[in-house]
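Reader: Please guide me through the model shown below by means of a few questions.

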Amino acid sequence: MAALILNLDRVCLSDEQFYQLCQNNADFNFELTAKGELIIMPPVGGDSGNREADLIIDLGIWNRQTNLGYTFSSSTVFTLPNGANRSPDAAWIRRERYAALTPQQRQKFPPISPDFVIELRSVTDDLKMLHNKMQEYMEAGVKLAWLINPQQQKVEIYRLGKQVEVQDLPIELSGEEILPGFRLSLSRYL
């Protein structure tokens, strides 16, 4: 089942209306693009859910050891500067940036771009939609992003202000200066 996209550009949901839509329909995962497209995401299958959980665990363990920031799951919606509301499969924000938000901002959909995101392509994900989402992250100021594509045995590495780098799986990825010391082996994503 592919994502369902509804064009709501003439409806113009406010941040509060989008938040309430998500709260009133907790069984669904919603995203809202800057163009006003409401994306209703299907649930992922067992393999994708397991891989996503592993990514979050690895990122979370690294973060607990370094205490440099905060790790977020795919259930977290971030309000990006362009007005889009996006949910990466895993995300991380430096401690001082997230701490600068008010308690009210942290309780709802934080109005902040993550420093780092991971998107893991599931069998139902449209690759063009994912590329658009990754581009949106970069335009929002995300510093480092990985698009892991097990179906094509590739990983795309996005860096702020640089060309996308494509590598074949398996590979070990580095968090570079954004996540110092973080390494992720993608051998289990084959």
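Author: The questions that follow concern one helix and the sheet beside it, in a model that is predicted.

Reader: Which span, from first C-alpha to last, does helix H2 reach?

Author: H2 covers residues 46–66, which gives 21 residues. At 1.5 Å a residue, 30 Å is expected. The helix comes close to that expectation, with a span of 30 Å.

Reader: Why are the buried residues of H2 on the same side?

Author: The buried residues of H2 are Ser48, Arg51, Glu52, Leu55, Leu59, Gly60, Trp62 and Asn63. An α-helix has 3.6 residues a turn, so residues three or four places apart point the same way. On the other side of H2, Gly46, Asp47, Arg64 and Gln65 are exposed. The buried residues lie on the same side because they cover an arc around the axis of only 165°.

Reader: Which strands are the edge strands of the open sheet of 6 strands?

Author: The sheet has mixed pairing and the order E4-E7-E8-E9-E10-E11. An edge strand pairs on one side only. This applies to E4 and to strand E11 (165–168).

Reader: Which residue of E7 stands opposite Thr71?

Author: E4 and E7 run antiparallel and are joined by 5 bridges. Strand E4 comprises residues 69–73 and strand E7 residues 90–94. The residue opposite Thr71 is Trp92.

Reader: At what angle to E4 does H2 run?

Author: Strands E4, E7, E8, E9 and E13 are among the elements that cover the buried residues of H2. The helix lies across E4, E7, E8 and E9. Its angle to E4 is about 170°.

Definitions and conventions:
Residues are numbered from 1 along each chain as its sequence is written. This is a predicted model: local features need pLDDT of at least 70, side-chain atom pairs count only at pLDDT 80 or more; totals for chains, interfaces and linings use all residues. Side-chain values use heavy atoms; hydrogens and water are left out. Helices (H or I, at least four residues) and strands (E, at least two) are DSSP runs, numbered from the N terminus. The expected span of a helix is 1.5 Å times one less than its number of residues. Buried means under 20% relative accessible area, exposed over 50%, partly exposed in between (1.4 Å probe, protein chains only). The arc is that of the directions from the helix axis to the C-beta atoms. Contact means heavy atoms within 4.5 Å. Two strands pair if DSSP finds at least two bridges between them. Axes are lines fitted to C-alpha atoms, for helices over the stretch in contact, and angles run from 0 to 180 degrees between N-to-C directions.
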